[in-house]
Protein chains: 2
Amino acid sequence: VANGEAIEGMPINQLRRDPITGGWSIILQQQVDLSVLIAGRKARESDRPENHTACEYCSGHEAETSPEIYAIRRDGTSANSPGWEVRVLPYRSPVLQIYGDLNNRGMGMYDVLDGIGAHEVVVETPDHGVALPDLSLDRVADILFVYRERLLDLKGDARFRYIMVHKSYGEDSGPTALHAYGHIVATPITPLRVKEELINAKDYYQYKERCVFCDVVRQELGDQERVVLENEHFVAIAPFASRGPFETWILPKNHETFFEANTELKPLAEILREVLTRIRNVLNDPHYVLVVHSGPNLRAGQLRGYWKTLERDYHWHIEITPRLRGYTSFEVGSGFRINMVPPEQASRILRRNRPLLEA
Amino acid sequence: VANGEAIEGMPINQLRRDPITGGWSIILQQQVDLSVLIAGRKARESDRPENHTACEYCSGHEAETSPEIYAIRRDGTSANSPGWEVRVLPYRSPVLQIYGDLNNRGMGMYDVLDGIGAHEVVVETPDHGVALPDLSLDRVADILFVYRERLLDLKGDARFRYIMVHKSYGEDSGPTALHAYGHIVATPITPLRVKEELINAKDYYQYKERCVFCDVVRQELGDQERVVLENEHFVAIAPFASRGPFETWILPKNHETFFEANTELKPLAEILREVLTRIRNVLNDPHYVLVVHSGPNLRAGQLRGYWKTLERDYHWHIEITPRLRGYTSFEVGSGFRINMVPPEQASRILRRNRPLLEA
């Protein structure tokens with residue numbers, strides 16, 4: 001049609017469909033200079049020592065925060081004082097607040113709810129500047145235990161359809177930026193990206209009578225070429241239609257719908273810590289986003305009917321996405337992702353575990 | 001549940017559902033300092049004069065590009081020489097290439113296509129450093145005419161399910177960064193974000209027997225509080241569930257499925273130019289993304305059945321999103337958008353048309 005020039009000798013890129021979301025990624029086939037991709041990390045404001053002493057997430061600063069919601073602490077220490085290992089707080093600037101009714105209503109043709117929900121912070125260590133890979137296995141398992149506890153508690157509230165656990169490493173600025181913490185956000189509706197996953201997983205099950213995630217696990221353990229790491233209970237993979245360079249998912253090998261049902265905290269801590277360690281070592285300590293994908297809250301009444309097959313359809317997992325570049329306008333508008341590092345290459349690089357930028 | 005503190009006197013934010021995509025936005029109700037939001041524009045590398053002289057999109061540099069696909073040019077001038085007003089080229093680094101078959105195939109449980117498609121650039125003016133609001137109405141109408149022509153031509157190719165026209169102002173770097181141009185990308189599958197819109201519009205029609213976009217137009221013309229501008233044929237609004245500050249949509253007042261069916265080029269040029277002028281003046285010349293949302297390619301065989309009601313369900317429009325901030329990890333993971341400027345306020349500010357940052 002268009003009389004553009006043929007591109008002689010250029011490998012043809014692949015369009016790959018993610019069986020989980022139904023989204024497509026364009027996986028580029030030409031070699032890119034990976035050192036350019038990972039060279040961009042800037043020194044952060046929070047590296048400055050004066051910002052360290054002002055961090056309210058540090059041990060000794062407990063009085064500066066709202067009262068703690070939950071903590072793992074040493075015997076004999078009291079709430080809102082030092083002696084804790086993991087500490088859960090209400091987020092300082094929540095966009096959703098905990099008290100009130102949803103007041104689901106129309107405004108002309110439109111639908112509105114009041115911004116009711118919960119937004120908590122899980123401070124993962126009392127020590128400033130310590131990242132998750134620096135912690136012992138027991139400490140990482142403690143953090144996972146706390147996420148589980150908070151999920152179980154928040155799911156007792158039938159107003160909340162979904163509870164999203166996520167971490168954003170390197171994104172924050174200000175005094176708390178270098179303090180390791182995660183977010184828990186409970187929302188009164190199921191987020192669109194989550195809904196996409198749930199609906200696709202349901203459709204897949206209806207068609208094949210198999211869980212799509214179980215099929216992914218089987219396929220990846222068979223192929224091995226996109227496996228990053230595995231242990232007895234979990235596998236870490238670079239997903240087939242990875243939306244960005246070095247995207248990594250951790251999935252339980254056996255079917256399990258809810259993150260909070262997982263009792264294998266130590267093996268999960270082990271694989272999570274090792275994946276994050278390798279991302280840090282190999283990719284020059286990049287910013288990353290980590291999102292726990294768990295099943296929605298079955299107590300939220302309106303979902304009960306629709307998701308009645310959820311427990312066989314859906315399979316929890318963790319998605320880790322290094323933030324190595326921004327999105328182009330085409331990606332934002334279309335939902336297509338363009339990825340210049342094929343997942344087969346990404347997993348090979350993470351398996352090899354050698355820094356891409358040598359000092 | 002969680003014993004967070006109540007936030008006394010703080011207005012409750014609103015969760016608003018976008019009837020078009022089914023997505024939800026959290027519209028913050030507290031006042032924010034808008035000057036902080038718009039102060040961030042940096043001087044661009046391409047402002048430097050040495051980059052100007054190297055721009056291949058400038059008149060006089062035609063030999064440096066691939067042969068032109070289409071051009072509006074003065075009588076008597078020949079292809080690939082000066083004398084043009086709008087010029088269409090194959091994009092220099094396309095991620096999808098024009099020649100070949102899709103080779104739709106499975107890889108184990110996964111689906112793969114070859115990266116076949118088209119990626120063209122529409123150079124909107126021969127003059128470097130001239131932005132769309134600087135052009136005359138006739139020139140802007142010419143640009144819209146060219147987008148229409150390319151859509152009609154590319155839709156002749158049954159391999160392409162969707163053709164996305166988009167512009168990204170301020171995002172490019174290098175010699176061409178300050179040269180006004182847009183992209184046309186033809187893809188062999190319907191992008192996920194487009195599909196969401198099409199499916200929601202279809203569901204709405206099935207339920208109400210009315211086009212959701214026609215309902216939006218009626219509601220907004222009635223309310224007036226989110227209208228930015230209007231003329232006889234078009235209306236520009238800040239959408240009810242705006243995903244970001246100052247997001248603006250331009251819709252035809254009468255039902256029309258395809259952008260390329262629009263014959264009112266002059267009134268569209270008028271409202272588009274005025275919206276972009278106001279965004280530039282009021283918001284300190286921000287980066288923005290503009291995406292034309294038109295119906296998919298009905299010639300792409302596999303869609304014919306599914307979209308057989310498309311012409312009554314769907315209504316083309318243009319979405320303009322100023323890029324005033326990045327997305328947080330919560331927004332990326334959930335699909336929720338958090339918007340600190342309610343659309344009622346945004347449209348008031350754009351109607352008033354006074355710079356937010358006074359010199």
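Here are some notes on the predicted model, going from the two chains down to single residues.

1. Let's start with how the two copies relate. Chain A lands on chain B after a rotation of 180° with 0.0 Å of shift along the axis, and the RMSD of that superposition is 0.0 Å. That is the relation of a two-fold axis. Both copies use the same surface, since 100% of the contact residues of chain A recur in chain B. If you want to find the axis on screen, go to A:G326: among the residues of chain A, this glycine comes closest to the rotation axis, with its C-alpha at 4.4 Å.

2. Next, the big picture in chain B. There is an open sheet of 10 strands with antiparallel pairing, and the order reads β3-β4-β7-β9-β8-β13-β14-β12-β11-β10. Strands β3 (70-73) and β10 sit at the edges with a single partner strand each, so each has one side without a neighbour in the sheet. On average, neighbouring strands are turned by 15° against each other, ignoring direction.

3. Now zoom in on the β10 end of that sheet. Strand β10 (residues 227-230) of chain B runs antiparallel to β11(B), and 3 bridges join them. The two strands make a hairpin, with 3 residues between them. As for who faces whom, B:L229 has B:A236 in β11(B) as its bridge partner.

4. On its other pairing, β11(B) is joined by 4 bridges to strand β12 (residues 248-252) of chain B, again antiparallel. Two pairs are handy for checking the register: B:F234 is opposite B:P252 in β12(B), and B:V235 is opposite B:L251.

5. Which way do the side chains of β11(B) point? In strand β11 (residues 234-237), B:F234 and B:A236 go one way while B:V235 and B:I237 go the other, and all of them are buried. One element to look at here is helix α5 (residues 212-223) of chain B, which lies across β10, β11, β12 and β14 (317-322) of the same chain. This helix runs at about 75° to β11(B).

6. While you are on helix α5 of chain B, have a look at B:Q219, which is found there. Is this glutamine buried or exposed? With a relative accessible area of 17%, B:Q219 counts as buried, because the cut-off for buried is under 20%. Leaving out residues up to four places away in sequence, B:Q219 touches A:M107, A:G108, A:M109 and A:Y110.

7. Helix α3 (residues 137-154) of chain B passes a simple length check. Its 18 residues should span 26 Å at 1.5 Å a residue, and the end C-alpha atoms are indeed 26 Å apart, so the two agree. The buried residues of α3(B) include B:V140, B:I143, B:L144, B:Y147, B:L151 and B:L154, but also B:D142, B:R148 and B:R150. What covers the buried residues of α3(B) includes strands β3, β4 (84-90), β7 (118-123), β8 (162-169) and β9 (181-187), along with helix α6 (265-282), of chain B.

8. Last, one residue in chain A. A:S347 lies in helix α10 (residues 343-352). The relative accessible area of A:S347 is 0%, so this serine is buried. What does A:S347 contact, leaving aside neighbours within four places in sequence? The list is A:E225, A:R226, A:V227, A:V228 and A:A238.

Terms used:
Residues numbered from 1 in each chain as written. Chains lettered and ligands numbered in written order. Predicted model: local features only at pLDDT ≥ 70, side-chain atom pairs only at ≥ 80, totals over all residues. Heavy atoms only, no water. Buried < 20%, exposed > 50% of the residue type's maximum accessible area, 1.4 Å probe, protein only. Pairing = 2+ DSSP bridges. Axes fitted to C-alpha atoms, helices over the stretch in contact; angles between N-to-C directions. Contact = heavy atoms within 4.5 Å. Expected span 1.5 Å × (residues − 1). Least-squares fit on C-alpha atoms with pLDDT ≥ 70 in both.
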